[in-house]
Amino acid sequence: MKVMKVMKVTKVLKKLDASIDKLYDALYAVRDSFDGIEDEEIDYLVNGFIEQIENNIVEGEFNVADIQDQINELPEE
């Protein structure tokens, strides 16, 4: 059986961080796309949607910290 080499932990963590940053940028782009609409109900819904996703990223059943912890358990090359 062929054993796959694992990237250095720090490199994987940096890639994860960059991807999470892009995810946040995409979330805020969704919010910003409603800037021209002056409707309090839409504003409330969109902001609640964004906040819900942000909370799940940080505190959800599957969250970034759990992924980072698991990455830290990978063997170094």
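Trainee: Which residues gather in a patch of negative charge on the surface?

Mentor: This is a predicted model, in which local features need pLDDT (the predictor's confidence, from 0 to 100) of at least 70, side-chain atom pairs count only at 80 or more, and totals for chains, interfaces and linings use all residues. Residues are numbered from 1 along each chain as its sequence is written, and side-chain values use heavy atoms, without hydrogens and water. Patch members have over 30% relative accessible area and no salt bridge (Lys or Arg nitrogen within 4 Å of an Asp or Glu carboxyl oxygen), with like charges joined within 9 Å and nonpolar side chains within 5 Å. On the surface, the negative patch gathers Asp 35, Asp 39, Glu 40, Glu 41 and Asp 43.

Trainee: Is Glu 40 buried or exposed?

Mentor: Glu 40 lies in helix H2, residues 40-59, a helix being a DSSP run (H or I) of at least four residues. Buried means under 20% relative accessible area and exposed over 50%, with partly exposed in between (1.4 Å probe). Because its relative accessibility is 72%, Glu 40 counts as exposed.

Trainee: What is the relative accessible area of Ile 37?

Mentor: Ile 37 sits in the loop between helix H1 (9-32) and H2, and joins Val 30, Phe 34, Ile 42 and Phe 49 in a nonpolar surface patch of about 380 Å². Ile 37 is partly exposed, its relative accessible area being 42%.

Trainee: How far apart are the C-alpha atoms of Val 9 and Ile 71?

Mentor: Val 9, in helix H1, counts as buried because its relative accessibility is 6%. Although Val 9 and Ile 71 are 62 residues apart along the chain, their C-alpha atoms are separated by 6.4 Å.

Key:
Areas by Shrake-Rupley, 256 points an atom, 1.4 Å probe, with all protein chains shown as cover. Salt bridge = Lys/Arg side-chain N within 4 Å of Asp/Glu carboxyl O. Lys, Arg positive; Asp, Glu negative; His and termini not counted. Charge placed at Lys NZ, Arg CZ, Asp CG, Glu CD. Helix = DSSP H or I, 4+ residues; strand = E, 2+ residues; numbered from the N terminus.
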